[in-house]
Amino acid sequence: MKIITKISLIGCLLASSIALAGTQADTGSKKASQECHHGAHSRMGQGADGGERFLNRMTDRLKLTTEQRSSVEAVLQKSKSQMANLKEKIQTNRKALRELKQNGDGDGSQVQVLAQERGNLVAASIIQRSKIRNEIQLVLTDTQREQMKQMREEHKHGHHNKG
């Protein structure tokens with residue numbers, strides 16, 4: 001495989017891993033900071049009970065009204081199946097890449113196809129999460145939006161300092 005292709009592939013895989021790691025929404029959980037980044041994107045409502053935890057944290061920290069809570073819950077519920085589908089496809093892709101590596105069948109064309117698919121899936125996941133965030137932002141007051149922004153910044157700084 002050409003060096004340029006290898007470097008491009010490594011870059012794509014690294015970028016997708018970084019993108020997934022940066023999406024970790026569980027700011028208050030010690031467990032979340034120790035988990036593998038691959039499950040991090042599920043905590044905005046698509047994990048086992050991630051949606052309820054996320055919603056409870058938002059309600060507590062932002063002092064959501066009953067109506068706001070119901071609206072946020074509806075946004076999360078509406079996107080649940082699509083996010084679960086994307087998560088499943090990413091896991092299947094990861095498994096296929098792992099099998100290629102373990103079987104020594106990692107010729108450039110197969111890896112390149114799977115890497116491209118992975119990039120597309122990660123992009124779709126990022127876009128979907130962005131839509132969810134935007135819909136949630138519409139429910140919040142200006143003060144709550146500012147609080148949410150501060151919470152994200154605190155998480156961002158705390159996450160990177162754990163090194």
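**Contacts along the chain.** I started with contacts between residues at least 6 apart in sequence, and 67% of them join residues at least 24 apart. I noted that this is a predicted model.

**Elements.** Next I listed the secondary structure. I found six helices and zero strands in the protein chain, so my sketch from the N terminus on just reads α-α-α-α-α-α.

**Burial and surface.** How many of the 163 residues count as buried? I got 33%. I also looked up the accessible surface, which comes to about 10,000 Å². Carbon and sulfur atoms own 54% of that surface.

**The core.** I then went for the largest nonpolar core, and it has 17 residues. Met58, Leu62, Val72, Ile136 and Leu140 have the most contacts inside it. Helix 3, helix 4, helix 5 and helix 6 (142–161) each give two or more residues to this core. Which helix gives the most? That's helix 4, with six residues.

**Met58.** I picked Met58 from the core and checked what it touches, leaving aside neighbours within four places in sequence. Its contacts are Lys63, Leu64, Val72, Ile136, Leu140 and Met148. Val72, Ile136 and Leu140 were already on my list of core residues with the most contacts.

**Lys63.** One of the contacts of Met58 is Lys63, so I looked there too. Lys63 sits in the loop between helix 3 (50–62) and helix 4 (66–103). Buried or exposed? Lys63 is exposed, because its relative accessible area is 65% and the cut-off for exposed is over 50%. The backbone caught my eye as well: Lys63 has a positive phi of about 55°, although it is not a glycine. My reminder to self is that most residues other than glycine have a negative phi.

**Helix 5.** Helix 5 covers residues 108–139, which makes 32 residues. From first C-alpha to last it reaches 47 Å, close to the 46 Å expected at 1.5 Å a residue. I wrote down its buried residues: Val111, Leu114, Ala115, Arg118, Leu121, Val122, Ser125, Gln128, Arg129, Ile132, Ile136 and Gln137. The spacing made me recall that an α-helix has 3.6 residues a turn, so residues three or four places apart point the same way.

**Gln137.** Last, I zoomed in on Gln137, which is in helix 5. Why does Gln137 count as buried? Its relative accessible area is 18%, and buried means under 20%. Not counting residues up to four places away in sequence, Gln137 touches Arg145, Met148 and Arg152. Met148 also turned up among the contacts of Met58.

Methods
Residues are numbered from 1 along each chain as its sequence is written. This is a predicted model: local features need pLDDT of at least 70, side-chain atom pairs count only at pLDDT 80 or more; totals for chains, interfaces and linings use all residues. Side-chain values use heavy atoms; hydrogens and water are left out. Helices (H or I, at least four residues) and strands (E, at least two) are DSSP runs, numbered from the N terminus. The expected span of a helix is 1.5 Å times one less than its number of residues. Buried means under 20% relative accessible area, exposed over 50%, partly exposed in between (1.4 Å probe, protein chains only). Contact means heavy atoms within 4.5 Å. Accessible areas come from the Shrake-Rupley method with a 1.4 Å probe; for residues, only the protein chains shown count as cover. A nonpolar core is a set of buried Ala, Val, Leu, Ile, Met, Phe, Trp, Tyr and Cys residues joined through side-chain atoms within 4.5 Å.
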